[in-house]
Amino acid sequence: MKAEVPVKKTLPGSLTPQRLVELYRTMLLIRHFEEQCAPAYRQGKMGGYMHVYIGQEAVATGFIAHMRDDDYMLCSYRDHGHALARGTDPRRIMAELFGRYTGVAKGKGGSMHLVDVERGFLGGYGIVGGMVPLAVGVGYAIRYRGTDQVCLCFFGDGAMNIGPVHEALNMAAIYKVPVVFVCENNRYAMATPVEFASAVPSLAERAKQYGMPTKQIGGMDLLEVYREAEEIIRHVRTTPEPFFVEVLTYRFEGHGIADNPTNQALYRTKEEVEYWRQRDPIVNTARFLLENGFATESELLEWDAYAKRQALEAVAYADASPEPPLEELYRDVYTDMEVQEWR
Amino acid sequence: MAVITYREALRQALTEEMERDPGVFILGEEVGRYQGTFRVTEGLLQRFGEMRVVDTPISESGIAGMAIGAAMIGLRPVAEFMTFSFALIAADQLVNHAAKILYMFGGQITVPVVFRGPAGGGAQLSAQHSHSLESWYAHIPGLKVVAPATPADAKGMLKTAIRDNNPVIFMEHAKLYSTRGEVPEGEYTVPFGVADIKREGRDVTIIAYSQPVLLALHAAQKLAETEGIECEVIDLRSLQPLDMDTVLHSIRKTHRAVVAHEDHRNVGFGAEVVARIQEFAFDELDAPVLRVASADVPIPYARNLERAAFPSEEDIIRAVKRVLA
């Protein structure tokens, strides 16, 4: 879009201005998509829990930018951003949140269980840390077949206190599987601060003992995430060995929809939230684009409006989509046998 | 037909399936260099190499999760638990992941994985090594649960389990590994969801699975010889899917039934069988269906207490006589 503008030193080596704009627009889509979730939820169009990713957009965007078409990823229940960054149709994601048949999982998984098999997205999981051992298996299967694919596994700081995560990290290192463990440290496991929950507050430090390279990086600056992720994923793809990266980030909203401002006041201050909001990855990337002449004010506005329109279209699509037929209740329990209908 | 042990039959199934399908691999504690704690995997490391016979740390969640993850992208892992009592540590992986991935992702990801290993007790291993948990797994939609009692069934059903596209809980019994039986030559499989009439009879139906099938057969033999009572012994073999047709058909003939298993009686698997019998064949019954099961206690160490905790041949004989009284 601004290809004629010379690349300034501040842009990481492989990043072109066009690519940066694409990634910026991905973050905008994630933000607008999730901002449309709250009213839809309040209107009763969605059920269950609603964990939004607002504030953390640079993490999924910066890492997933380096995934090849044949790579894999798994993540936790805070998975809207990951699916959108991977290129999954926002309309089908929204339809899943609405419990509609056109959703990515036919409406059977909901917000916490997004999936996109075609893009190697093997799902969002609702058990904290539960999918981390699965990533080791995916990595093992890659080694078994001898390809240079990689698997990204996203989880939060809370997962670092789950036993199976430590079994998985140890086994990943034993079998030298090509998995990038991306620990998104947003500082709170629900309302429990990482400093309280972890005897060693640096999670990268804790992971060091598992015999794999580890690193702590900032997660609010898209350029930093992009640059670090590129290096880490290239290392895992070519070595191969697992890598543990702790990404320091922050969720601006509550843990979930029920974690309202009154509840949030129990565990964090307005000043703290404000401090992190100053580091909003979208605002800062926009500033960077402007300052370097990669975008004009009017382009930024246009992209913002486009992302919002995409989000609204997703809502409209979801709203107009049918609920799953009742036969779906008994489908997909097994691949090859019917479950008896008792009533 | 060759007469081989239950453990040899399992090993034959593993060997044949690994030769047939390069995506099949084994993982578990001591399955490789140590040749398997119950010697089921003896020689397989030497034959198939360490990529396909994978020694693991003592990390049940890690083992189960790794198997599930590999299965999700198309391999066919066979994960061995040293006992199903230890598999409790992996319960989240089995119940929340293996069982639910197909459904919660709308049928798009299959999990063709087998979790196998010894269940039950009887060697004075006391409470933490002697648990029968089949009813727990059969309770969870998405898991198939099988428990073969003979070498022939063990071989044919393990082959079926490995080829199945769903997660299969394959329960062996520690006391069965050294038992012998005829195993057909050549390629064969035993389907899930088909109970086997191990002995025909007209007076009482004994419904069992796993090691208690052998107790039931001994009891039936004794009852025939000493009392002239002819018991029909049904080996369920497969708990999910469950073949109630064979059971109900037999009850329409005998009008009396005893369910025998090593699971606890309270909320045990037999309760489900009895419930379905009363639901579908109430009018056929001439007596209440009785259950023979383990005492509702943690399994004790002392030999006499342990013997008293587990169901015996005598318990089955007593139950048969009661339903006939």
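**Notebook: chain A, helix α4 and B:His264**

I began with the overall size of chain A: its radius of gyration is 20 Å, which agrees with the value near 20 Å that a compact globule of 343 residues would have. A reminder to myself: this is a predicted model.

**Chain A as a whole**

I looked up the box next, and along the principal axes the C-alpha atoms of chain A fill roughly 70 × 50 × 45 Å. For secondary structure I noted 13 helices and eight strands in chain A.

Then I turned to burial and contacts. Of the 343 residues in chain A, 57% are buried. Among contacts in chain A with a separation of 6 or more, 74% join residues 24 or more positions apart.

I also checked the surface. Chain A exposes about 14200 Å², and 52% of that comes from carbon and sulfur atoms. What about the charged side chains of chain A, and how far apart do the centres of the two sets lie? I found 37 positive and 46 negative side chains, with the two centres 2 Å apart.

**Helix α4 of chain A**

My next stop was α4(A), residues 90-97. Why is this helix largely enclosed by the rest of the structure? Six of its eight residues are buried, so the enclosure follows from that count. I listed the buried ones as A:Pro90, A:Ile93, A:Met94, A:Ala95, A:Glu96 and A:Leu97.

I then asked what covers the buried residues of α4(A). The cover includes α1 (17-42), α3 (80-85) and α13 (297-320) of chain A.

Both ends of the helix got a look too. At the N-terminal end of α4(A), A:Asp89 acts as the cap, with a side-chain oxygen 2.9 Å from the backbone nitrogen of A:Arg91. Just after the helix, A:Gly99 takes a positive phi of about 70 degrees.

**B:His264**

For the last entry I moved to chain B. I placed B:His264 in strand β13, which covers residues 257-264 of that chain. Is B:His264 buried or exposed? The relative accessible area is 19%, and buried means under 20%, so B:His264 counts as buried.

Which backbone oxygen does the side chain of B:His264 reach? That of B:Ala295, at 2.8 Å. I also went through its contacts, leaving aside neighbours within four places in sequence: B:His264 is in contact with B:His131, B:Ala293, B:Ser294, B:Ala295, B:Asp296, B:Val297 and B:Ile299. B:Ala295 thus turns up in my notes both in that contact list and as the owner of the backbone oxygen reached by the histidine side chain.

How values were computed
Residues are numbered from 1 along each chain as its sequence is written. Chains are lettered from A and ligands numbered from 1 in the order in which they are written. This is a predicted model: local features need pLDDT of at least 70, side-chain atom pairs count only at pLDDT 80 or more; totals for chains, interfaces and linings use all residues. Side-chain values use heavy atoms; hydrogens and water are left out. Helices (H or I, at least four residues) and strands (E, at least two) are DSSP runs, numbered from the N terminus. Buried means under 20% relative accessible area, exposed over 50%, partly exposed in between (1.4 Å probe, protein chains only). A polar contact is a pair of N or O atoms within 3.5 Å; within protein, one must be able to donate a hydrogen and the other to accept it, and residues adjacent in sequence count only if both atoms are side-chain atoms. Contact means heavy atoms within 4.5 Å. The radius of gyration is taken over C-alpha atoms; the globule rule is 2.2 Å times the number of residues to the power 0.38. Accessible areas come from the Shrake-Rupley method with a 1.4 Å probe; for residues, only the protein chains shown count as cover. Lys and Arg count as positive and Asp and Glu as negative; His and the chain ends are not counted. The place of a charge is taken as NZ of Lys, CZ of Arg, CG of Asp or CD of Glu.
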